[in-house]
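Grab a coffee and load the model in your viewer. Below are a few short exercises, each with a solution worked out step by step.

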Amino acid sequence: MTQMMQTQAGGAGAFCSFDLNRVPSPCFVVDEASIERNLQILKDVGDRSGAHILSALKAFSMFSLAPLVSRYLEGTCASGFFEAKLGREYYDGEVATFCAGYKASDMDRIISLSDHLIFNSPAQKDRFLPSVKASGRAVSVGLRINPEHSEGEVPKYDPCAPCSRLGFPVSQLSNEVMDGVEGFHMHTLCEQGFEPLARTWAAVEEKLAPYVGQLKWLNFGGGHHITRADYDREALISFIKDLRERTGLEIYLEPGEAVALDAGILVGEVLDLPKNSVDLAITDISATCHMPDVIEAPYRPAMLHEVKQGHYYRFGGPSCLAGDVIGDYSRAKPLQIGDRIAFLDQAHYSMVKTNTFNGVPLPSIAIWNSKTDELRMIREFSYEDFLGRLS
């Protein structure tokens, strides 16, 4: 994740005034007002460009805010049966489903839930196209393509990296492959601005030209940081309008992070302050269990009230994994056991990736409104949630 590879300086925003002791620890706190701000930006882009903007549930599936999301966006995109069911039951609008590999046992249910059904390969499309036709539903079938043009900065987050399993290579397209296909899907970006999208389209447009006439839609997937302050939204709007006029296609975007960017924090508590060459801070926030991208990306999340120079600590979690380290941070004052801390920009991905390794409890979930100061506890987890995942 490109931007996540660096310390994120932004994202504190309204949370600077939030009392971390108002919630149990650990706890995700999502600012409803910040979510709405992002949604307003996305809706404006959709309205002015004519694009259909869907919310990517894989990044942000906080269905307690589904009514708010549905007020601004045109639907959701899902990664399989569970997310498609969530999108259909809790959100309004379209459901577009893509999976790298569908199971036959899920297919009838996925077809019943989806408006767009996107396949990763012609083989999967050919296998399940008869089921789509037999369903009697007006499900539009798409094929994910690999533009074979790489814009990713980190290979494992680059869908166009050599030997990628994601998308059918555009160089292998043929009339035979296109049987039954009404749309192309291409998710090639990761936390990026408009320019990489423009370069990708320039690299692939001529190769797709022979097939555009039979298509109804083109989906540019996610990875667009549209709600980031420095994103060139005017260029994106002009690009989409021009593309729609020239091709006659409906254009789709599937932002995930952009819906919840800088809209949430993860609150934790200092449990112990040992020393081993450096000052250590053991917290009830685990990188392994609560912010796995810290280890997988890897990246260093920004901390609320961090200072450039002060008292330095290496923060880590309570699990037995030696690598359960969040990062090194400086605080204005020496820490005390029981102090509250918070990591920034944790509304997207962190919440959907949590796990209970080592029996570490899951963070609670709260919604706060920075405009009204209303705080609602949405969910608190217990031993039964841990037990329910085991046998």
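## Exercise 1: Cysteines

Work out how many disulfides there are in this predicted model.

*Solution.* The count comes to zero disulfides. Take Cys-16 to begin with: the nearest cysteine sulfur belongs to Cys-27 and is 18 Å away, so Cys-16 is in no disulfide, given a cut-off of 2.5 Å. Next, try Cys-163. The closest cysteine sulfur there is in Cys-160, at 13 Å, which is too far for a bond. As for accessibility, Cys-16 counts as partly exposed at 45%, while Cys-163 counts as exposed at 82%.

## Exercise 2: The nonpolar cores

Find which residues touch the most other members of the largest nonpolar core, and which helix gives the most to this core.

*Solution.* This core has 79 residues, and Leu-173 and Phe-220 touch the most other members. Helix α6 (residues 194-212) gives the most, with seven residues. There is also a second, separate core of 17 residues, which includes Ala-78, Phe-81, Ile-111 and Val-141.

Now zoom in on Phe-220. Skip residues up to four places away in sequence, and its contacts are Met-186, His-187, Leu-197, Trp-201, Phe-239, Leu-243, Ile-251, Tyr-252 and Leu-253.

## Exercise 3: A valine in α1

Decide whether Val-45 is buried or exposed, then list what Val-45 is in contact with.

*Solution.* Start by locating Val-45: look in helix α1 (residues 32-49). The relative accessible area of Val-45 is 1%, and buried means under 20%, so Val-45 is buried. Leaving aside neighbours within four places in sequence, Val-45 is in contact with Gly-50, Ile-53, Ile-226, Arg-233, Leu-236 and Ile-237. Finally, compare positions with Phe-220: the two are 175 residues apart in sequence, and 14 Å apart in space from C-alpha to C-alpha.

## Exercise 4: Helix α3 and its cover

Name the buried residues of helix α3 and say what covers them.

*Solution.* Helix α3 spans residues 81-90, and its Phe-81, Ala-84, Leu-86 and Gly-87 are buried. The cover over them includes β4 (75-78), β5 (94-99) and α4 (104-113). You've met Phe-81 already: Phe-81 is one of the residues in the second core.

## Exercise 5: A surface patch

Pick out the residues that form a nonpolar patch on the surface with Phe-357.

*Solution.* Ile-295 and Leu-321 form the patch together with Phe-357, and their accessible area together is about 240 Å². To find Phe-357, go to the loop between α11 (350-353) and β18 (364-368). With 37% relative accessibility, Phe-357 counts as partly exposed.

Terms used: Residues are numbered from 1 along each chain as its sequence is written. This is a predicted model: local features need pLDDT of at least 70, side-chain atom pairs count only at pLDDT 80 or more; totals for chains, interfaces and linings use all residues. Side-chain values use heavy atoms; hydrogens and water are left out. Buried means under 20% relative accessible area, exposed over 50%, partly exposed in between (1.4 Å probe, protein chains only). Helices (H or I, at least four residues) and strands (E, at least two) are DSSP runs, numbered from the N terminus. Contact means heavy atoms within 4.5 Å. A nonpolar core is a set of buried Ala, Val, Leu, Ile, Met, Phe, Trp, Tyr and Cys residues joined through side-chain atoms within 4.5 Å. Patches are made of residues with over 30% relative accessible area and no salt bridge: like charges are joined within 9 Å, nonpolar side chains (Val, Leu, Ile, Met, Phe, Trp, Tyr) within 5 Å. Accessible areas come from the Shrake-Rupley method with a 1.4 Å probe; for residues, only the protein chains shown count as cover. A salt bridge is a side-chain nitrogen of Lys or Arg within 4 Å of a carboxyl oxygen of Asp or Glu.
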